Amino acid sequence: MDAQLEGLSKKFNQEIAAARDSRTAGDIEIKYLGRRGELTRILRGLDRLPMERRRALGSEANALKVQLEKIIKEKIKTFSAAEFRGLGQKERVDITAPARRRVGHLHPVSIIQRELEDLFRGMGFIVAAGPELESDYYNFEALNIPPHHPARDMQDTFYIEGRDDLVLRTQTSPIQIRAMQKYGVPLRMIGPGRCFRNEATDVRHEHTFYQLEGVVISEDTSFADMKGVLEIVARHLYGQKTEVRLRPKFFPFVEPGVNGEVTCFLCRGKGCRLCKGSGWLEIFGAGMIHPNVLSVGGADPKKYQGFAFGFGLTRLVMLKYNIDDIRHFLSGDLRFIQQF
């Protein structure tokens, strides 16, 4: 045998003979046979040798590899059996017993989403869902945003290559059209979900975020009803003294439309860094559903009316927990997640 291989074999046999458990044997396997193992490096270096030398050394190295794999397999099998018997002697494990610790951790967005779903169910709302890969029709046209409408410029959209009719949805609003078509009217519905926009990321913007859509449709639903529902949500999240302020804003799918603001929970309306001195925080958009949208959903706009609202769910979570960088949510950093 080649002197290099003979030395490696001798060293391996000494270490495996000294191993006392399956974990140590596994470490030895990685040391010699892993991707960067000592024998693996020899095998990968064969192509730099002359042909005759390559054949002779390659044959010996491969034979040694098979031998080492067999030894390790037998050792790990022996150790594992002994360890299992030892475990049975030391303690009896009831595999039907509850776990002793929690496995996994709810994401802060999931925490607030579930909290709001419970709140709305208590008010008689259903929880609906829609596809994240949405048609251009449902994402824009059905919501009173025809092709070339300037409102499309407000949403930097991800289109599917070769399919101009498919987009990653930019908002949860398509859920309200699908819910009207599926369940009919009258209707009380919320639709939480993930949205996507082709944006440059910074502390306040992210390409993937969460929204929560809601609609109420009946024969006599009013603007006052809308404000009442939104006040319940705001006070549930930020305290019973929270006030809601509505200011006019254009949205193509509602008329009239409003921006919804709540008193800053940090300074209680006095003005601080979080609210930029205004005393108010913008958390939702809302308005009375446009007749065109009602018609697309299958509701007669002469008989029915309703309101729609949309919360930036990710923004609600940031305000709730005073999180200063939206990029933390998708970081996968357990130091962030485990705080909640």
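**Surroundings of helix α10 and the α5–α8 contact**

The cover over the buried residues of α10 includes α5 (108-122), β6, α8 (223-238), β9 (280-289) and β10 (305-311), where contact means heavy atoms within 4.5 Å. The model is predicted, so that local features need pLDDT of at least 70 and side-chain atom pairs count only at pLDDT 80 or more, while totals for chains, interfaces and linings use all residues. Residues are numbered from 1 along each chain as its sequence is written, and side-chain values use heavy atoms, with hydrogens and water left out.

Helix α10 spans residues 313-321, and L313, T314, L316, V317, M318 and L319 are buried in this helix (under 20% relative accessible area, 1.4 Å probe, protein chains only). Helices are DSSP runs of H or I with at least four residues, and strands are runs of E with at least two, numbered from the N terminus. N322, just after α10, takes a positive phi of about 55°.

Two of the covering elements, α5 and α8, pack at an angle of about 135° with their axes 11 Å apart; axes are lines fitted to C-alpha atoms over the stretch in contact, and angles run from 0 to 180 degrees between N-to-C directions. This angle makes α5 oblique to α8 (neither under 35, over 145, nor 65 to 115 degrees). I112, E115, L116, L119 and F120 of α5 meet V229, I232, V233, H236 and L237 of α8.

R197 lies in the loop between β5 (187-196) and β6 (208-218) and is buried, with a relative accessible area of 14%. A polar atom of the R197 side chain lies 2.9 Å from the backbone oxygen of T170.

Notes
Buried < 20%, exposed > 50% of the residue type's maximum accessible area, 1.4 Å probe, protein only. Polar contact = N/O pair within 3.5 Å; in protein donor to acceptor, adjacent residues only side chain to side chain.
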